[in-house]
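This report walks through the strands, selected residues and pockets of one protein model. Please keep the sequence and the 3D view at hand while reading.

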Amino acid sequence: MPKHIAIIMDGNGRWATKRFLPRFAGHAKGVKSVHRVVEACVNRGVQYLTLFAFSSENWKRPEEEVSLLMQLFRKVLVNEIRKMNENNIRLKVIGDLSRFDKDLQALVDMAESQTASNTGLTLTICANYGGRWDMANACRRLMNEGYRPEDMTEELLSSRLAMAYAPDPDMLIRTGGEARISNFLLWQAAYSEFYFTETYWPDFDGDALDEAIASFQKRERRFGKTSEQVKAS
């Protein structure tokens, strides 16, 4: 069983368009998929689940859609805290939150603090997040702390990334039929197993997750070693 699963939740808008619905209807439906997948991960013993909710490039979308997405984010934060506590889920939100309205930043802080002591699944929501931003931000932090170029190591840089509290993802899933990672966890996904599915995110559920996990379990993870070395270890 993978310890950490990361998902690019793609296809909400296309799911809605195929049904002659406004794109936002797909985003609202996608929240129900989040519920299903979180529950499935809890039941299967997955320890970390990371969801790409809003990229730093998504600000380029129509203003109305972005505004509705922010409203949906607020609603989810307010309504889901009790359920997360009941299920021992810890919430983390990573990304450049400074661009969000102050009230939304406050909701994020409240949700994180109220679930901080939970010891079950760690659910990370990536909002206004980009892998390049993450690495550049880590470098800025190290420079502000007085580190010199000769001090830099992979381990040091990793320790300043936004998700330093979690192990790197074992598996990265992308729904919606696209086969790219779109600036998501560029550093952390270096040795992740990729799984691309045609299923749109609003249709993704526990059974679809099990298919992805089954694919993962058939793979040999070598991390630069030969098959013979892996089998001997």
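Is E4 largely enclosed by the rest of the structure or exposed, and how many of its eight residues are buried? Because eight of the eight residues of E4 are buried, this strand is largely enclosed by the rest of the structure; here buried means under 20% relative accessible area, exposed means over 50%, and partly exposed lies in between, computed with a 1.4 Å probe on protein chains only.

## Basis of the report

This is a predicted model, in which local features need pLDDT of at least 70 and side-chain atom pairs count only at pLDDT 80 or more, while totals for chains, interfaces and linings use all residues. Residues are numbered from 1 along each chain as its sequence is written, and side-chain values use heavy atoms, with hydrogens and water left out. Helices (H or I, at least four residues) and strands (E, at least two) are DSSP runs, numbered from the N terminus.

## Strand E4 and its partners

Two strands are said to pair if DSSP finds at least two bridges between them. E4 (122-129) pairs with E2 in the parallel sense over seven bridges, and within this pairing Thr-50 has Thr-124 of E4 as its bridge partner. E4 also pairs in the parallel sense with E3, which covers residues 90-94, over five bridges. Along E3, Leu-91 has Leu-123 of E4 as its bridge partner, and Ile-94 stands opposite Cys-126 in E4. E3 is itself mostly covered, with four of its five residues buried.

Helix H4 (residues 102-115) joins E3 and E4 in a left-handed β-α-β unit; a crossover counts as right-handed if, with the strands pointing away from the viewer, the path from the first strand over the helix to the second runs clockwise. Thr-124, which has its place in strand E4, counts as buried at 1% relative accessibility. The side chain of Thr-124 makes a polar contact with the side chain of Tyr-165 at 2.7 Å, where a polar contact is a pair of N or O atoms within 3.5 Å; within protein, one must be able to donate a hydrogen and the other to accept it, and residues adjacent in sequence count only if both atoms are side-chain atoms.

## Strands E5 and E6

E5 and E6 pair in the parallel sense over four bridges, with Arg-174 opposite Phe-196 in E6. In a regular strand the side chains alternate between the two faces of the sheet. Along E6, Glu-193 and Tyr-195 point to one face and are buried, whereas Phe-194 and Phe-196 point to the other and are not.

The loop between strand E5 (171-174) and strand E6 (193-196) holds Thr-175, which is buried with a relative accessible area of 0%. From there, the side chain of Thr-175 reaches the backbone oxygen of Asp-10 at 2.7 Å.

## A loop residue and a helix residue

Asp-151 belongs to the loop between helix H5 (131-144) and helix H6 (154-158), and with a relative accessible area of 25% this residue is partly exposed. A polar atom of the Asp-151 side chain lies 2.7 Å from the backbone nitrogen of Arg-148.

In helix H2 is found Val-38, which counts as buried at 10% relative accessibility. The C-alpha atoms of Val-38 and Asn-85 are separated by 13 Å, although the two residues are 47 residues apart along the chain.

## Pockets

The largest pocket holds about 1200 Å³ of space. Of the 45 residues that line this pocket, the closest to its centre are Met-9, Val-34, Phe-52, Ala-53 and Trp-201. On a 1 Å grid over the protein atoms alone, a pocket is an open set of points where a 1.4 Å probe fits, with protein on both sides within 12 Å along at least five of seven lines, and lining residues have an atom within 4 Å of a point. Grid points are joined across faces, edges and corners, and a volume is the space filled by probe spheres set on the points. H2 gives the most to the lining of the largest pocket, with 10 residues, and the lining divides into 23 nonpolar, 11 polar and 11 charged residues. In this division Ala, Val, Leu, Ile, Met, Phe, Trp, Tyr, Cys and Pro count as nonpolar, Asp, Glu, Lys and Arg as charged, and the others, Gly among them, as polar.

The second largest pocket holds about 160 Å³ of space, and H2 and H3 each supply at least two residues of its lining. Among the lining residues of the second largest pocket are Phe-24, His-35, Leu-72 and Glu-80, and this lining divides into five nonpolar, two polar and three charged residues.
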